[in-house]
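Please open the model in your viewer and keep the selection tool at hand. The stops below follow one another, and each says what to select and what is to be found there.

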Amino acid sequence: MILFIDTHDELITIAVKTKDDLFIKTKISEYSHSIFTMPMIEEIFNENNLNIKDLNKIIVVNGPGSFTGIRIGLSIAKTMAYALNIKINTISSLKAYMISDSNNDDKMVVINDNKGSYIYAVSKDNKVILEEQYIYENHYNYREVEHKLDINKIIDYCDKLKSENPHHIKANYIKKIEVENND
């Protein structure tokens, strides 16, 4: 059983994939992730008669996105993975949106903030055109991917990845925070 956690935006998405079913719970939190995320996880397990001890993997979106939201989602995922001694994988919000898109054309994901945009682009044959990066002006003309998640596609993608050590997982701040810039 796999738990998916996404807190990078104002929409919190929690999903549990069992052998036979996919349960999804979403909530627009208006950036009150600390209030809603853990109760949503508890609710999805209780409402579907699932046992948290049956989890064998966690997938968590590690950004870019809401600074506090990302930290809350990562803290919960890392703590659960460590406490339950289960596998964990991270995926960037940009890659999650890209994987979820089913069109086979040159495309990019754009997440705007107040000064610029986080971008990532791939070609129709799935080769990277633009690595995940932060830009101040978007001059690119690729089709923009919708901000929708296909949890099954994301889980299938992450199933092929090597598990990560919960202690080494970090937020994906493409735009470095001031502390990191002083290194």
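In this predicted model, begin by selecting helix H1 and helix H2, and turn the view until you can see that H1 passes H2 in a right-handed crossing. H1 covers residues 33-47 and H2 covers residues 67-84, and their axes, which come within 10 Å of each other, cross at roughly 35°.

Now show the side chains where the two helices touch: on the H1 side the contact is made by His33, Ser34, Thr37, Met38 and Ile41, which meet Gly69, Ile72, Ile76 and Met80 in H2. Colouring these residues by character gives five nonpolar and four polar, with no charged residue in the contact of H1 with H2.

Next, move to the sheet, and select strands S8, S7, S6 and S9, which in that order form an open sheet with mixed pairing. Its edges are strand S8 (128-135) and strand S9 (143-144), each of which pairs on one side only. Within the sheet, select strand S6 (residues 107-112) together with strand S7 (residues 117-122), and you will find the two paired in the antiparallel sense over six bridges. To fix the register by eye, pick Lys107, which stands opposite Val122 in S7. With the sheet still displayed, add helix H3 (residues 93-100), which packs on the sheet and touches S6, S7 and S8, its direction making about 140° with that of S6.

The last stop is the aromatic rings, of which a search of the whole structure finds four pairs. Select Tyr134 and Tyr136, whose rings form an edge-to-face pair, 5.2 Å centre to centre and with 80° between the planes. Which of these two tyrosines is buried, and which is exposed? Tyr134 counts as buried because its relative accessibility is 13%, under the 20% cut-off, whereas Tyr136 counts as exposed because its relative accessibility of 59% is over 50%.

From there, select Tyr140 and Tyr142, which form a stacked pair, with 6.3 Å centre to centre and 15° between the planes. Tyr140 is partly exposed, with a relative accessible area of 33%, and Tyr142 is also partly exposed, at 26%.

Finally, return to Tyr134 and Tyr136 and add Tyr118 to the selection, since ring pairs link Tyr118, Tyr134 and Tyr136 into a cluster.

Terms used:
Residues are numbered from 1 along each chain as its sequence is written. This is a predicted model: local features need pLDDT of at least 70, side-chain atom pairs count only at pLDDT 80 or more; totals for chains, interfaces and linings use all residues. Side-chain values use heavy atoms; hydrogens and water are left out. Axes are lines fitted to C-alpha atoms, for helices over the stretch in contact, and angles run from 0 to 180 degrees between N-to-C directions. Helices (H or I, at least four residues) and strands (E, at least two) are DSSP runs, numbered from the N terminus. A crossing is left-handed if the near helix is turned anticlockwise from the far one by less than a right angle, and right-handed if clockwise. Contact means heavy atoms within 4.5 Å. Ala, Val, Leu, Ile, Met, Phe, Trp, Tyr, Cys and Pro count as nonpolar, Asp, Glu, Lys and Arg as charged, and the others, Gly among them, as polar. Two strands pair if DSSP finds at least two bridges between them. Rings of Phe, Tyr and Trp (its six-membered ring) pair if their centres lie within 6.5 Å; planes under 30 degrees apart count as stacked, over 60 as edge-to-face and the rest as tilted. Buried means under 20% relative accessible area, exposed over 50%, partly exposed in between (1.4 Å probe, protein chains only).
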